Amino acid sequence: MSTQYCIGLMSGTSLDGVDAALADFTAGSPRTVATHFAPFDSDLRAELLALQRPVENELERAALAANRLMRAYAAGVTAVLGKANVDAGEIRAVGAHGQTVRHRPDLGYTLQLNNPALLAELTGIAVVADFRARDVAAGGQGAPLVPAFHRAVFGIPGRLRVIVNIGGIGNITVLNADDRVLGFDTGPGNVLMDLWIARHQGRAHDAEGAWAASGRVQAALLAQMLTEPYFGLPSPKSTGRDLFNAEWLARFAGDHAAADMQATLCELTATTIVDAIRRQLGGHAGDAVEVFVCGGGAHNTTLRGRLAALGAGWRWAATDALGVAPDWVEAMAFAWLAHQTLANAPGNLASVTGAAGPRVLGALYPR
């Protein structure tokens, strides 16, 4: 049997850079062969951040930024191939999510900056892209898409598990013992904490949550934040910087001490995630639930501590306990999604996104 390699590329809401993961599907379930992370240069990051909202000449700027992003993607592909000592000709496809700049499934569209044709030219590898659009066209949210991967790789029949991804946005996947899968975006993950520390300290993120740990949670402020209508919406639902952005943050900034604000934003992320899990588990919320954390938030010691405290009685661990390191789950998911597309197999879960049914996702750009 020939080797079945795919590469997944992910640049998420945190806008920190490109994750690349080379996965081997020869045995069926994907095995991580090699990984690589490349941070965005400051100019590209600033432009991608600016394009999250309407700006002057945004059509041309978006197209040019997409081309720059593809060159960063191509560099990630080259690096991960080098680490694995694998030739580009051995890769069946690259799954490239692109950079989300608008996500409005309520209006029937989602937009990721991407140029898969250019990426195919730069790498000499087939590219699968535009994963969300078909789900949205079928009446779904187009996100989150990773729960289907979570079920395929982390699910065990007869066992209840929850996967928590904390990137810029937080989302959960509930893998029920009867094989039902539920999942949705819970709200802000790191995005508001990143915005706040960038404003006050000029840093991209709060390493290990140290700054949040130095402050005190403001209970009244937290209660005000929790009145955001999104938190009470039933699933399926998804969100992003369209809602949780600097303008949302400005509604609550007030005259609070900066460290207290950071602590409260950390508590907001932890509270909305744990509350969402409890609502989905219902009568099983008191069971010995296994919760596995992935994404950049898995490195935030303060946030992990608050999750464990609010979800006391549950067994908390990172996804490396399941064989995939927290930093690489989403990139591996897009390798899996590309593999699904090549197999003409569905990549979405209607129970998660609300689509009319299972759909083959993505468009193929041959090598």
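Is L107 buried or exposed? In this predicted model, L107 has a relative accessible area of 56%, which lies over the 50% cut-off, so L107 is exposed. The residue sits in the loop between β5 (99-104) and β6 (109-113). Together with Y109 and L111, L107 makes a nonpolar surface patch of about 280 Å².

The N-terminal strands come next. Strand β1 (residues 5-10) runs antiparallel to β2, and 6 bridges join the two. Within this pairing, I7 has L22 of β2 as its bridge partner. The hairpin of β1 and β2 has 6 residues between the strands, and L15 takes a positive phi near 60° there. On to the following hairpin: β2 pairs with strand β3 (residues 31-39) over 8 bridges, again in the antiparallel sense. Here V18 is matched with A38 of β3 as its bridge partner. This hairpin, formed by β2 and β3, also has 6 residues between its strands, and G28 in the turn has a positive phi of about 105°. Strand β2 (residues 17-24) thus takes part in pairings with β1 and with β3. Of its 8 residues, 8 are buried, so β2 is largely enclosed by the rest of the structure.

Strands of a sheet pair through backbone hydrogen bonds, in either a parallel or an antiparallel arrangement. An open sheet further along the chain has 5 strands in the order β10-β9-β8-β11-β12, and its pairing is mixed. Its edge strands are β10 (181-188) and β12 (315-318), each of which pairs on one side only. From one strand to the next, the twist averages 20°. Inside this sheet, strand β8 (residues 161-166) and strand β9 (residues 169-175) run antiparallel and are joined by 6 bridges. V162 stands opposite V174 of β9. Helix α12 (residues 301-310) lies across β8, β11 (290-294) and β12, and runs at about 155° to β12.

Another helix to follow is α6 (residues 191-201). Its buried residues include V191, L192, M193, D194, L195, W196 and I197. The buried residues of α6 pack against the strands β9 and β10 and against the helices α7 (210-214), α10, α11 and α12. After α6 comes G202, which has a positive phi near 70°.

The charged side chains give a further set of links. A search of the whole structure finds 12 salt bridges. One of the salt bridges joins R102 to E58, with the closest N and O atoms 3.3 Å apart. R102 belongs to strand β5 and E58 to helix α2 (residues 58-84), so this pair ties together parts that are 44 residues apart in sequence. How exposed are the two partners? R102 has a relative accessible area of 13% and is therefore buried, while E58, at 28%, is partly exposed.

A salt bridge is also formed by R251 and E228, whose closest N and O atoms are 3.8 Å apart. R251 lies in the loop between α10 (246-250) and α11 (258-281), and E228 lies in the loop between α8 (219-225) and α9 (229-232), so the pair ties together parts that are 23 residues apart in sequence. R251 has 52% relative accessibility and therefore counts as exposed, whereas E228 is buried, with a relative accessible area of 8%.

In the salt bridge between D178 and R180, the closest N and O atoms are 2.8 Å apart. D178 counts as partly exposed at 48% relative accessibility, and R180 is partly exposed as well, with a relative accessible area of 45%. Finally, a network of salt bridges links R159, R161, E290 and R315. Three of the strands in the open sheet supply positions in this network: R161 falls in β8 (161-166), E290 in β11 (290-294) and R315 in β12 (315-318).

Terms used: Residues numbered from 1 in each chain as written. Predicted model: local features only at pLDDT ≥ 70, side-chain atom pairs only at ≥ 80, totals over all residues. Heavy atoms only, no water. Patch = residues over 30% accessible without salt bridge, like charges linked within 9 Å, V, L, I, M, F, W, Y side chains within 5 Å. Areas by Shrake-Rupley, 256 points an atom, 1.4 Å probe, with all protein chains shown as cover. Salt bridge = Lys/Arg side-chain N within 4 Å of Asp/Glu carboxyl O. Helix = DSSP H or I, 4+ residues; strand = E, 2+ residues; numbered from the N terminus. Buried < 20%, exposed > 50% of the residue type's maximum accessible area, 1.4 Å probe, protein only. Pairing = 2+ DSSP bridges. Axes fitted to C-alpha atoms, helices over the stretch in contact; angles between N-to-C directions. Contact = heavy atoms within 4.5 Å.
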